Amino acid sequence: MSDTAGHTPVLLPQVLAALNIRASGAYLDATFGRGGHAGAILQNLIANGRLLCLDRDSMAIAEARVRFASDPRVAVFLAPFSSLADCADQVEPGLEFDGILFDLGVSSPQLDDAARGFSFTQDGRWTCACPQASA
């Protein structure tokens, strides 16, 4: 898992200002990554605030589950954007968000580890998990 201690989230003050966080609100970090934005959002929520974290990267989700395991305000999902409404309904049927963050792109852990297939500076082995096309 990656170390979040040295990570600086992109445009954090601007993101928090744009979200205009309401302490008892419900928020979605749809691209958890290293969790910098999620952690900052959570710092602004009180006991009845909600934070949902989504990512398709299983390593990021494993980190989120460890990091927020003891916080009842947080729900973590390994899921694509298309499952957003289903994930919200699992937390609370009809849950509406006060703010949603999509920090699109790749994360540092994906770039830093050549084996993950995103590195610009190192060769890594890439394998396709998709079905083979027929001739």
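## Terms and overall architecture

A residue counts as buried when its relative accessible area is under 20%, as exposed when that area is over 50%, and as partly exposed in between. Arginine 50, with a relative accessible area of 22%, is therefore partly exposed. The structure described here is a predicted model, and every value in this report is computed from it.

The protein chain has five helices and four strands, and from the N terminus on these elements follow the order α-β-α-β-α-β-α-β-α. Of the 135 residues in the protein chain, 39% are buried, while the accessible surface comes to about 8200 Å², with 52% of it belonging to carbon and sulfur atoms. Among the contacts with a separation of 6 or more, 57% are made by residues 24 or more positions apart.

## Arginine 50 in strand 2

Arginine 50 lies in strand 2, which covers residues 50-55. Leaving aside neighbours within four places in sequence, arginine 50 is in contact with Gly25, Ala26, Tyr27, Leu45, Pro72, Arg73, Ala75 and Val91. The contact with proline 72 can be described in finer detail, since a polar atom of the arginine 50 side chain lies 3.1 Å from the backbone oxygen of proline 72. Arginine 50 can also be placed relative to serine 24, for the two residues are 26 positions apart in sequence and 7.4 Å apart in space, C-alpha to C-alpha.

## Aspartate 55 and glycine 33

Aspartate 55 is likewise found in strand 2, and with a relative accessibility of 12% it counts as buried. A polar atom of the aspartate 55 side chain lies 3.1 Å from the backbone nitrogen of phenylalanine 32. Beyond neighbours within four places in sequence, the contacts of aspartate 55 are Ala30, Thr31, Phe32, Gly33, Ala60, Ile61, Phe77, Leu78 and Ala79.

Glycine 33, one of these contacts, belongs to the loop between strand 1 (26-29) and helix 2 (36-43). At 16% relative accessibility, glycine 33 counts as buried, and outside its neighbours within four places in sequence it is in contact with Asp55 and Ala60. Glycine 33 and cysteine 53 are 20 residues apart in sequence, with their C-alpha atoms 9.5 Å apart in space.

## Two aromatic pairs

A search of the whole structure finds two aromatic pairs. Phenylalanine 32 and phenylalanine 68 form an edge-to-face pair, with 6.1 Å from centre to centre and 85° between the planes. This pair links distant parts of the chain, as phenylalanine 32 is in the loop between strand 1 and helix 2 and phenylalanine 68 is in the loop between helix 3 (58-67) and strand 3, 36 residues apart. Both phenylalanine 32 and phenylalanine 68 are buried.

Phenylalanine 81 and phenylalanine 102 also form an edge-to-face pair, with 4.9 Å from centre to centre and 80° between the planes. Here too distant parts of the chain are linked, with phenylalanine 81 in the loop between strand 3 and helix 4 and phenylalanine 102 in the loop between strand 4 (99-101) and helix 5 (108-112), 21 residues apart. Phenylalanine 81, at 40% relative accessibility, counts as partly exposed, and phenylalanine 102, at 39%, counts as partly exposed as well.

## A nonpolar patch on the surface

Phe81 and Phe102 take part in a nonpolar surface patch of about 390 Å², which is made by Phe81, Ile100, Phe102 and Leu104. A residue of a patch must have over 30% relative accessible area, and phenylalanine 81 has a relative accessibility of 40%. The loop that holds phenylalanine 81 runs between strand 3 (74-78) and helix 4 (84-91).

## Two salt bridges

Two salt bridges are found in a search of the whole structure. In one of them the side chains of aspartate 98 and arginine 22 meet, with an N to O distance of 2.9 Å. Because aspartate 98 lies in the loop between helix 4 and strand 4 and arginine 22 in the loop between helix 1 (12-19) and strand 1, the pair ties together parts that are 76 residues apart in sequence. Aspartate 98 counts as partly exposed at 38% relative accessibility, and arginine 22 is partly exposed with a relative accessible area of 42%.

Aspartate 71 forms a salt bridge with arginine 73, and the closest N and O atoms of that pair are 2.7 Å apart. Aspartate 71 and arginine 73 are both buried. Arginine 73 also appears among the contacts of arginine 50.

Methods
Residues numbered from 1 in each chain as written. Predicted model: local features only at pLDDT ≥ 70, side-chain atom pairs only at ≥ 80, totals over all residues. Heavy atoms only, no water. Patch = residues over 30% accessible without salt bridge, like charges linked within 9 Å, V, L, I, M, F, W, Y side chains within 5 Å. Areas by Shrake-Rupley, 256 points an atom, 1.4 Å probe, with all protein chains shown as cover. Salt bridge = Lys/Arg side-chain N within 4 Å of Asp/Glu carboxyl O. Helix = DSSP H or I, 4+ residues; strand = E, 2+ residues; numbered from the N terminus. Buried < 20%, exposed > 50% of the residue type's maximum accessible area, 1.4 Å probe, protein only. Contact = heavy atoms within 4.5 Å. Phe/Tyr/Trp six-rings, centres within 6.5 Å; stacked < 30°, edge-to-face > 60°. Polar contact = N/O pair within 3.5 Å; in protein donor to acceptor, adjacent residues only side chain to side chain.
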